[in-house]
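Student: I would like to take a close look at one part of this model and follow how its pieces fit together. Could you take me through it step by step?

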Amino acid sequence: MKEQEFLQTLIKELDISNYTKGRLLNHGIETVEDLLKIDYEDLTKLRQLGKKGLKEISTFLHQMGYKIKNEESDKEVKREQLKEEGKVLLEDLGLKRELYSILYREGIFTLQELNNHWKEIPEIKGYGPRRQIQLSEQLSFLGIKVTEEGLQIPEEVTQTIDNQEEINKLVEKPGEKQTQEERDKLLALQQSLLAEKQQLQLREQEIDKELANIRGELFETRKRK
């Protein structure tokens, strides 16, 4: 099909669900050309289209060699791409939603990106002292030391993330078959990850004890005063 013919294709003739077609038609989007003129962010605001509809439209256009206008600049799209690549995101590290959602808005999705932009964190809108303290505490629970210059990430944490990303890449996808060797490798990585997770949990317990001791010493000091 020639490009001009494709652009003039009616929405109702596309290979997407009738529900998604209906949402587009309800907003006056009648042809592929109309669709390609709309900014990704504006599409996200279409009533009742939802993430599923957006994904369906995006997938269809990609198959045809096109993409939604400014799609690559959308933070949710980047998040989904990183997930598909098997990357471990901040949410996967156990950070609270209120902490990582603001970072995602700034394009910071992984621990390495967080480290690279650490000095910029205090300047992020909505990331005041309280959230900075919460973030530092959660990173400390992971065994990551927080400094003014950046993060000191222990080798075991880096290895755990690398292992998890390997597992994510090996997870069987629809239509694909895994060999016995791949399954064995996946199992070995899972076992290694569990062992490292246990070490981190033990470290977290040690930190809790240290904090309790410090609080106790502070309390005794105040009593003596």
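Student: Which helices do the buried residues of α7 pack against?

Tutor: Bearing in mind that this is a predicted model, the buried residues of α7 pack against α6 (75-84), α8 (111-116) and α9 (129-141). Helix α7 itself covers residues 97-105, and its buried residues are Leu99, Tyr100, Ile102, Leu103 and Tyr104; just after the helix comes glycine 107, which takes a positive phi of about 85°.

Of these partners, α9 can be followed further. With 13 residues at 1.5 Å a residue, α9 should span 18 Å, and its end C-alpha atoms are indeed 18 Å apart, so expectation and model agree. Buried in α9 are Gln134, Leu135, Gln138 and Leu139, and because these residues fall within an arc of 130° when seen down the helix axis, they line one face of α9. They pack against α7 and α8, and also against β1 (145-146) and β2 (151-152), while glycine 143, which follows α9, has a positive phi near 90°.

As for how the two helices meet, the angle between axes and the distance between them are what describe a packed pair. The axes of α7 and α9 come within 10 Å and cross at roughly 105°; since angles of 65 to 115 degrees count as roughly perpendicular, that is how α7 and α9 are arranged relative to each other. The contact is made by Glu98, Leu99 and Ile102 on the α7 side, and by Arg130, Arg131, Gln134, Leu135 and Gln138 on the α9 side. Sorted by class, this contact has three nonpolar, two polar and three charged residues.

How values were computed. Residues numbered from 1 in each chain as written. Predicted model: local features only at pLDDT ≥ 70, side-chain atom pairs only at ≥ 80, totals over all residues. Heavy atoms only, no water. Buried < 20%, exposed > 50% of the residue type's maximum accessible area, 1.4 Å probe, protein only. Helix = DSSP H or I, 4+ residues; strand = E, 2+ residues; numbered from the N terminus. Contact = heavy atoms within 4.5 Å. Expected span 1.5 Å × (residues − 1). Arc of directions from axis to C-beta. Axes fitted to C-alpha atoms, helices over the stretch in contact; angles between N-to-C directions. Parallel < 35°, antiparallel > 145°, perpendicular 65-115°, else oblique. Nonpolar A, V, L, I, M, F, W, Y, C, P; charged D, E, K, R; others polar.
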